[in-house]
Amino acid sequence: MALLGEMRGAKLEPTVVSYCAGISACANGEQWQRALVLLGEMRETTLEPDVVSYSAGVNACEKGGQWQQALSILRILRLRQVDADFYVYGVAASMCEQRGQRSQVVSLFTEMHDRLFG
């Protein structure tokens, strides 16, 4: 996080990779809120988050126990027409299952099948 701030202070433009590293660092530090802020910052710049960026955000939500936020990221992926991978769907489905959201799990697997194989 500090490095991203230093980059901006030095008038260097962070890249998708820079943001993704920051989001992953937030996930590892169990700072899911900060990870989502970074995803939001990316969308406010000219950078377009990729599936790796969104996966890092879902990972941060998983570590923070935020299944609803992980589903929000999936909705953003759909709206931005970014193809989610097995990891994103698997983590979101696992989180929903752990919270007793079985109908949501079925919905996620159906959507995953349709988007990846359909």
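Colleague: Why is Gln81 called exposed?

Modeller: The relative accessible area of Gln81 is 69%. Exposed means over 50%, buried under 20% and partly exposed in between, with a 1.4 Å probe and protein chains only, so Gln81 counts as exposed. Please note that this is a predicted model, in which local features need pLDDT of at least 70 and side-chain atom pairs count only at pLDDT 80 or more, while totals for chains, interfaces and linings use all residues. Residues are numbered from 1 along each chain as its sequence is written, and side-chain values use heavy atoms, with hydrogens and water left out.

Colleague: Where is Gln81, and what is the sign of its phi?

Modeller: Gln81 belongs to the loop between helix 5 and helix 6; helices are DSSP runs of H or I with at least four residues, numbered from the N terminus. Its phi is positive, about 55 degrees, although Gln81 is not a glycine. Most residues other than glycine have a negative phi.

Colleague: What can be said of Glu30 in the loop between helix 2 and helix 3?

Modeller: Glu30 has a phi near 55 degrees, again a positive value in a residue other than glycine. Its relative accessible area is 56%, so Glu30 is exposed as well.

Colleague: How do you know that Tyr89 is buried?

Modeller: Tyr89, a residue of helix 6, has 1% relative accessibility and therefore counts as buried. Leaving out residues up to four places away in sequence, Tyr89 touches Leu74, Ala84, Leu108, Glu111, Met112 and Arg115, where contact means heavy atoms within 4.5 Å. The C-alpha atoms of Tyr89 and Leu108 are 6.6 Å apart, with the two residues 19 apart in sequence.

Colleague: Why are helix 6 and helix 7 called roughly antiparallel?

Modeller: Their axes come within 8 Å and cross at roughly 170 degrees. Axes are lines fitted to C-alpha atoms, for helices over the stretch in contact, and angles run from 0 to 180 degrees between N-to-C directions. Angles over 145 degrees count as roughly antiparallel, under 35 as roughly parallel, 65 to 115 as roughly perpendicular and the rest as oblique; the pair is therefore roughly antiparallel. Among the residues making the contact are Tyr89 of helix 6 and Leu108 of helix 7.

Colleague: What makes helix 4 roughly parallel to helix 6?

Modeller: Helix 4 and helix 6 pack at about 20 degrees, with axes 9 Å apart, and that angle makes helix 4 roughly parallel to helix 6. The contact includes Val58 and Glu62 of helix 4 and Val91 of helix 6.

Colleague: Why does Val91 count as buried?

Modeller: Val91 has 7% relative accessibility, so it counts as buried. Not counting residues up to four places away in sequence, Val91 touches Val58 and Glu62.

Colleague: What makes a set of residues a nonpolar core, and how many residues has the largest one here?

Modeller: A nonpolar core is a set of buried Ala, Val, Leu, Ile, Met, Phe, Trp, Tyr and Cys residues joined through side-chain atoms within 4.5 Å. The largest has 35 residues, and those with the most contacts inside it are Ile23, Leu71, Leu74, Leu77 and Leu108. Among the helices supplying at least two residues each are helix 2 (16-28) and helix 7 (102-117). Helix 6 gives the largest share, seven residues.
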